[in-house]
Every structure is written in C-alpha cells, then in structure tokens.
Amino acid sequence: MGCIKLDILEKSFVPMKVVYSSSDVEQKSVQRFLRVDPLYEKYPDMSPYVYCAGNPVKFIDPNGREFDEANEKIAKEIESNINAKILELQEQQDGQIVQETDISDRISELQKSKTDISDMRNKKGVKFHYKSANDESNPAGKGNPTIEGLDTESVIMYVEDNMESKLHEGRHGGDVARGSLTYDTYCVNHEVSAYKAQYSYQGSFDCIPYIDYEKNPSLLLQMITKGVASFKQNITNMKEITPSLIKNLVDQPGVNQKLLYPQFK
Ligand SMILES: [Zn+2]
C-alpha cells in the first residue's frame, strides 16, 4: 500500500498532558493512505481503503506485494492441504494413549512450512514462483525438482505434482525469503531441513544409500542377485533425517550410482 506520513499538528498546538508522566505526550503525525490497495480487485468484499483486512494486529502488509495470481492459487492450495494434514495428525495424536511416533515433530514441521509460504508471500522485492519440474526451462533437467534464482528478484521452485516436493522446495524458498539461504551459504543443513519438510506430510520416504561395492564385494553380489531395491531404506521417523543420510543419498542406484549431493562430501 502506498502511504506517507503527514504531519497534522501545528507548532502552536498545545500538546496533551498525561497525569502519569512528567513528559508531554504529543501525537506528531498520522498515517494516511494516498491510494487504494493495488491488489484490491482480489478482495471484492473488502473496502480498498482498509489496511490488512481491518486487522493490523493479526496481519501485516509491508509492501502490498505477494505471489502473482497463479502462484497465490498454488500457495493457497498448499496451505489448505497442510491445514487438513495438521488436523488429521492432531486427531491421530488425540487418539493415542502412548505417544510412540513423531507426530508432534511432523505437526511443528508442517507449521514451519506454512511460515515458509507466508515468508515468501511477504518478502519485499522478490517474487516467488512455482513451476512444474517437467517444465522445459528447468535448469536441473526435466523431472528434477530444484530451486533457481537464489540471490535474484525472481526465485523459481520447480516442483513435482505432489505435496512432498512442494514442501521440500517451499522450505528452500522460505529460507531464501528469510535470507538464510544464498549461493554462498547453501549447505547440507538446508537439505536436512527440506527433507524434514518433505517427510512431515506422509511420515515416510524411501531412499537408497551410497554403497561402496569395492570395499563390500558381498554387497555387489546382493545387488546382482537381489537388485538395488533390496538396499531400500524406509525412513519412518524424522530423527533419521540427518546430514549423513543426506550426504549418502544416491541418484542412480546400482553400479552406476551417483551421489545426489556430491558437493557435501
Ligand atoms: Zn533440496
């Protein structure tokens, strides 16, 4: 919203006195909006002169900017899916006599994903976009989720068509919005955080670790006879998501295995 400060008090104006303090309390200025909210067409049931839906305690609108319309639609969908999942997990939690799982970790992680979205939405001077990982413009190659444009005014999250991928790249986007993820600071902890965000939605994911076949010839035999799927690890607790797990994730399992994040070795 465009606004400037207007001084309304003349020098001759007598300042108000308050009884509990010796100092004068003077209302020096007042905030006035000089034009309507640039996004007022999106909120037809609200006066365009109302700041933050009339609730400035709950909402802030530092610059009147947010996702563009298409991306806001995606962000809203993600938020409502997160809310539904949180409700589902809370019901599960209420039904449990003994807390054996990591449900509360997952709930707080899902809450963080909501913060990721609001931080991206409120980031001044940077526009965040969701795009399909299958888009031709994906710099990581079609089908590979990634985030592009760190340190620029236009950050693109290339995501798969599932919540896990949207929460993973969304965590990176949130970190960018908060200034904690740049090309220079990117490290394994950013991936640990993103995998936790991804994991929180389903509560499990499969991965295959890097295997040193030269050191362990018996594992080579296992790979040949039972296949790479026999090395599959099923992660079912958030505490299993550690830097060493991420460092050992493999892109193409088998004899031609490649580390997914060789830069962290
Ligand atoms: Zn990532």
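So, when I call a residue buried, I mean that 20 or more other C-beta atoms lie within 10 Å of its own. Keep that in mind for the long list of names coming up. And one caution before we start: this is a predicted model.

Let's begin with α1, residues 69-95. Which of its residues are buried? By that count they are A75, I78, I82 and K85. Yes, there's a lysine in that list. The cover over these buried residues includes α2, α3 and α4, the last of these being 188-202. I also checked the length of α1. With 27 residues at 1.5 Å a residue, α1 should span 39 Å, and its end C-alpha atoms are 39 Å apart, so the two agree.

Now the sheet. Three strands make an open sheet, ordered β3-β5-β4, with mixed pairing. Why do β3 and β4 each have a side without a neighbour? Both stand at the edges with a single partner strand, so one side of each is left free in the sheet. On average, neighbouring strands here are turned by 20 degrees against each other, ignoring direction. β4 and β5 run antiparallel and are joined by 3 bridges. If you want a spot to look at, find T146, which stands opposite Y158 in β5. Then there's α3, which packs on the sheet and touches β3, β4 and β5. The direction of α3 makes about 160 degrees with that of β5.

On to the inside. Nonpolar side chains tend to be buried together in soluble globular proteins. In this model the largest nonpolar core has 16 residues, and V155 and M157 have the most contacts inside it. The elements giving two or more residues to this core are α1, α2, β3, β5 and α3. Which one gives the most? That's β5, with 5 residues. Leaving aside residues up to four places away in sequence, M157 touches F128, H129, Y130, I147, E169, G170 and G173. Apart from that core lies another one of 8 residues, among them A194, Y195, A197 and Y201.

Last thing, confidence. The protein chain has a mean pLDDT of 83, and 75% of its residues reach 70 or more. Residues 1-31 are another story: pLDDT is below 50 there, and beyond near neighbours in sequence the stretch has 31 contacts in the model. Where pLDDT is low, the predicted coordinates should not be read in detail. Okay, that's me done, over to you.

Notes
Residues are numbered from 1 along each chain as its sequence is written. This is a predicted model: local features need pLDDT of at least 70, side-chain atom pairs count only at pLDDT 80 or more; totals for chains, interfaces and linings use all residues. A nonpolar core is a set of buried Ala, Val, Leu, Ile, Met, Phe, Trp, Tyr and Cys residues joined through C-beta atoms within 7 Å. A residue is buried if 20 or more other C-beta atoms lie within 10 Å of its own, exposed if 12 or fewer, and partly exposed in between; C-beta atoms are placed from the backbone. Helices (H or I, at least four residues) and strands (E, at least two) are DSSP runs, numbered from the N terminus. Two residues are in contact if their C-beta atoms, placed from the backbone, lie within 7 Å. The expected span of a helix is 1.5 Å times one less than its number of residues. Two strands pair if DSSP finds at least two bridges between them. Axes are lines fitted to C-alpha atoms, for helices over the stretch in contact, and angles run from 0 to 180 degrees between N-to-C directions. pLDDT is the predictor's confidence in each residue, from 0 to 100.
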